[in-house]
Amino acid sequence: MLQKKSEFLGYSNEEVAAPEHPNNQALAAYWDKQRAGAPALPRAALEPLDIPRLLPGIFLAEPCGENTHDYRFRLAGSLVEERMRRKVTGKTLTELFGDNFGPQTIAIYDRITTTCTPRVLQGHYEGDNLEHIRFEVLHLPLEFANGTRGILGGQFAFD
């Protein structure tokens, strides 16, 4: 029986040492080369024309919120939105994942942006009949022109 589309999406995942998906491997190599030893990739060093085949699976998230801390997706590629079966661009983590998974995901993003340590998660979505999709998300620290740190991510499914 098909589930009714839920307001929020859930997930289960585990951290892995390195990306397995070829697109995330390519994104990690690009990030490492472009950051040139800096702890985070400067946003100005991210050139979309260098990685056109990866763009559908890439997302950028930046910190937002005056009274509460959250992250907003500045952009999400078409594959990200297609896999999640919802519009992601412009949404916050709390808007996508709700009170259950939102704070958990914010904590992950905070660790990445504070420590400038990439993180790779593999798992499955929960809800909206997406449990069959095994995905991998690569989170890389990104530094915007104003000095704030966000996330450059790659989200790809193992089809």
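## Helices, turns and charged pairs in a predicted model

Biologist: Which residues of α1 are buried?
Modeller: This is a predicted model, in which local features need pLDDT of at least 70, side-chain atom pairs count only at pLDDT 80 or more, and totals for chains, interfaces and linings use all residues. Residues are numbered from 1 along each chain as its sequence is written, and side-chain values use heavy atoms, with hydrogens and water left out. Helices (H or I, at least four residues) and strands (E, at least two) are DSSP runs, numbered from the N terminus, while buried means under 20% relative accessible area, exposed over 50% and partly exposed in between, with a 1.4 Å probe and protein chains only. On these terms, the buried residues of α1 are Asn23, Asn24, Leu27, Tyr30, Trp31 and Arg35.

Biologist: What arc do the buried residues of α1 cover around the axis?
Modeller: The arc is that of the directions from the helix axis to the C-beta atoms. The buried residues are on the same side of α1, because around the axis they cover an arc of only 120°.

Biologist: Which strands are included in what covers the buried residues of α1?
Modeller: Contact here means heavy atoms within 4.5 Å. What covers the buried residues of α1 includes β2, β3 (58-64), β6 (134-143) and β7 (149-157).

Biologist: What is the distance from the first C-alpha of α1 to its last?
Modeller: The expected span of a helix is 1.5 Å times one less than its number of residues. For the 14 residues of α1 this gives 20 Å, and the helix comes close to that value, its end-to-end reach being 20 Å.

Biologist: Where does α3 bend?
Modeller: α3 has 23 residues, for which a straight helix at 1.5 Å a residue would reach 33 Å, yet its end C-alpha atoms are only 20 Å apart. The bend at a residue is the angle between axes fitted to the seven residues ending there and the seven starting there. By that construction α3 bends by about 120°, with a proline, Pro103, following within four residues of the site, which is Asp99.

Biologist: Which residues does Thr113 touch, not counting residues up to four places away in sequence?
Modeller: Thr113 lies in helix α3 (residues 93-115) and is buried, because its relative accessible area is 8%. His139 is 26 residues away from Thr113 in sequence, with 9.5 Å between their C-alpha atoms. With the sequence neighbours set aside, Thr113 touches Tyr71, Arg149, Gly150 and Ile151.

Biologist: Which residue with a positive phi follows α3?
Modeller: Most residues other than glycine have a negative phi, and most peptide bonds are trans. Ala36, in the loop between α1 (22-35) and β2 (41-42), nevertheless has a positive phi of about 50°, and counts as exposed because its relative accessibility is 67%. In the loop between α3 and β5 (119-126), phi is near 55° at a residue that follows α3, namely Cys116.

Biologist: How many disulfides does the structure hold?
Modeller: A disulfide is a pair of cysteine sulfur atoms within 2.5 Å. Cys64 counts as buried, at 19% relative accessibility, and Cys116 also counts as buried, at 12%. The number of disulfides in the structure is zero.

Biologist: Which residue forms a salt bridge with Arg74?
Modeller: A salt bridge is a side-chain nitrogen of Lys or Arg within 4 Å of a carboxyl oxygen of Asp or Glu, and by this rule the count comes to six. For Arg74, in strand β4 (residues 70-76), the partner lies in strand β3, so the pair ties together parts that are twelve residues apart in sequence. Arg74 is partly exposed, with a relative accessible area of 43%, as is its partner at 24%. The closest N and O atoms are 3.6 Å apart, and the partner is Glu62.

Biologist: Which residue forms a salt bridge with Arg72?
Modeller: The closest N and O atoms of this pair are 3.8 Å apart, with Glu95 as the partner of Arg72. The pair links distant parts of the chain, Arg72 being in strand β4 and the partner in helix α3, 23 residues apart. Arg72 is partly exposed at 31% relative accessible area, and so, at 41%, is the partner, Glu95.

Biologist: What is the distance between the closest N and O atoms of Glu143 and Arg149?
Modeller: Glu143 counts as partly exposed at 28% relative accessibility, and Arg149 counts as partly exposed, also at 28%. The two form a salt bridge, and the distance between their closest N and O atoms is 3.3 Å.
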